[in-house]
Amino acid sequence: MSCNFKFGGMKALLAIGGLLCVLASNATAQSSSGQLTITMNVQSSITLVFQNNPSVGTPGFCPLTNGGTNNVGLDMGTAAFPGNFHTATCVNYTHLTAADYQVSSAFDVVVTKANSSSPNYRLAAQISTPPPANVKWLLNNVTLTNTGFTALDAADAFGARITKTLQVQVKNTVAAQVLQETITFLATAN
Amino acid sequence: MLKKYISIMRGAALAALLMCGASLAAQTTATGVINGTLVNKNGISIQFDTDPAGVTLGAAGTSAATANFGTVSAFGPLAAGVTRPSVTAANFTVRTFFDVQVIQGGLTSTTYTLTANLAAAAPTGLNYKVDAITLTTALQTIQINGAYHTDIAHNLDLVILTAAPGAGGPAVNTPITTTINFTATAN
Amino acid sequence: MKKVTLLTIFAALMMISSAAVAQTTASGTLTVTATVTGSINLVFNSDASGVALSSGAGTNAATLAFGNVSAFGAISAGIVRSTTATNFTVSSAVDVLVTKTNSVSANYSLTAQLGSVDAVNTWTVGGVGVTNAAAAPITATGTYGANSNFPVAITVPFTTASGTLISNTINYVATAN
């Protein structure tokens, strides 16, 4: 009886061992591997954004809408020749002559470079449509046209605020109307 | 055959180099746009300027100026820029000159009409005239074809009764102030 | 004569009967044994929102070619880009599909490791930084049989020269839990 018991114990041990072996073999890490190859080619690039000037809100520095991007709005309000009339307190209003007035506001242009050895950049601008007769759009006293980019700067520093003043000059004969231009700035790495 | 192959390979390598060079030389640019807006409004404005022959206006060059005749009397001395064109038994007149400049923008109008009135009834014993037109609290037409953008001289007369205070004459030894409203209307 | 004929037929029938009773048969059994083991398989698939794998989609050896990348300006479809003051990151969705067979495993663990050192750029898989120093755990509960997007992202500093080719391999290992 004792012998039988022992034999039975051995069988049980063997069975458990076998089960463990099976389990172990089943539990052997099932794995699979793969290899993903990644390639890319880095290119230099630059970006241009418009920022509010630190003096924003004071005369001559109107706030940009959507500032910090490359597509902003600059509302200079309503103005008229007689009586130095202008509604925006953030613009500079002046009578240039006995028959012309100018409304102006300044903002900053920031051009940033990446992966580029370019030392600086040149800046140009262009208006979108021909302005009405006797109306001029200028940047820092440089008259803009819609026929091509007008050079503004030859070697501006990357990452630096470049303050530009947008000026609208209107003769007193210009009829009441909304004067609107989309001014495109072009920065080109030197 | 081998030579042809080598030639093709050389050509391909050269093309690759050229393309590489072109890529490196490609201009790096960035653009941004500003949408600028200004509403040009038409309008007309008036300003008073000191006339060389008149008293020096306070706040000259604005639309709210002052003209001070100083101390006036039928016979005594007058301030610079003040004259006394007439003295009668009933009254005396003191006169000064002032300029009006009307500015317009965005209009097709070439001239304007100038009107004036007293802001309140004239003080006792005084009458006010602009270019010989006696002013009242009702609008009086002073000029019908004023030219824009230039100073146009007008004379301002104070006709002062010689009667004593309380007998129809003006108060004495006290400043008498009157406001005259001017309106320029584009023709 | 008739008797003779009948006897003859009878004898023949007897002989036939004895022949039919003689059993000359053989039989056999074949015992067949097979051990089924669980297994899993990993493949890469293009994710609809990412850059299409340029080769090897559906296999475990694929290529993800970002093409030309830059911090600013135009970027190819499928690439997500973010830019800071000093570097930019490009990222693409990549699907990993792990399938199981004959396994009771509920899910899988995934690790990833760069094939070679990159001291300049930073690599992530599924938002987890990966290097070539050690396998990085990407997930511990991957779902079998479903494409799982583990975006591959590389952060490139602005100081990297234009025209630099960045290339590396990422070794993925999926292990049944």
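The side chain of C:Ser103 reaches the backbone nitrogen of C:Ser105 at 3.0 Å. Keep in mind that this comes from a predicted model. As for where C:Ser103 sits, look in the loop that links β5 (94-101) to β6 (108-114) of chain C. C:Ser103 counts as buried because its relative accessible area is 15%, and the cut-off for that label is under 20%. Leaving out residues up to four places away in sequence, C:Ser103 touches A:Gln30 and C:Gly38. One of those two, A:Gln30, belongs to chain A, which brings us to the interface.

Here's how the contact between chain C and chain A looks in numbers:

| Item, chain C and chain A | Value |
|---|---|
| Residues from chain C | 48 residues |
| Residues from chain A | 25 residues |
| Area buried between them | about 3,000 Å² |
| Share of that area on carbon and sulfur atoms | 52% |
| Salt bridges | zero |
| Polar contacts, both residues at pLDDT 80 or more | 29 residue pairs |

On the chain C side, five strands each put in at least two residues: β1 (39-46), β2 (61-69), β4 (87-92), β11 (152-157) and β12 (165-176). The biggest giver is β12(C), with 12 residues on the side that touches chain A. Sort the residues on that side of chain C by type and you get 29 nonpolar, 19 polar and no charged. A salt bridge needs a Lys or Arg nitrogen and an Asp or Glu oxygen, so with no charged residues on the chain C side, the count of zero between the two chains is what you'd expect from that definition.

So what does β12(C) pair with in chain A, and in which sense? Its partner is strand β1 (residues 31-42) of chain A, and the two run antiparallel over 11 bridges. To pick out one rung of that ladder, A:Met40 has C:Ile166 of β12(C) as its bridge partner.

Now for chain B, which is worth a look by itself. Its secondary structure comes to one helix and 10 strands. The helix comes at the N-terminal end of the order, and the strands follow it: α-β-β-β-β-β-β-β-β-β-β. Chain B has 187 residues, and 35% of them are buried. Take the contacts in chain B between residues at least 6 apart in sequence, and 68% of them join residues at least 24 apart.

Methods. Residues numbered from 1 in each chain as written. Chains lettered and ligands numbered in written order. Predicted model: local features only at pLDDT ≥ 70, side-chain atom pairs only at ≥ 80, totals over all residues. Heavy atoms only, no water. Contact = heavy atoms within 4.5 Å. Buried area = accessible area lost by both parts, 1.4 Å probe. Salt bridge = Lys/Arg side-chain N within 4 Å of Asp/Glu carboxyl O. Polar contact = N/O pair within 3.5 Å; in protein donor to acceptor, adjacent residues only side chain to side chain. Helix = DSSP H or I, 4+ residues; strand = E, 2+ residues; numbered from the N terminus. Nonpolar A, V, L, I, M, F, W, Y, C, P; charged D, E, K, R; others polar. Pairing = 2+ DSSP bridges. Buried < 20%, exposed > 50% of the residue type's maximum accessible area, 1.4 Å probe, protein only.
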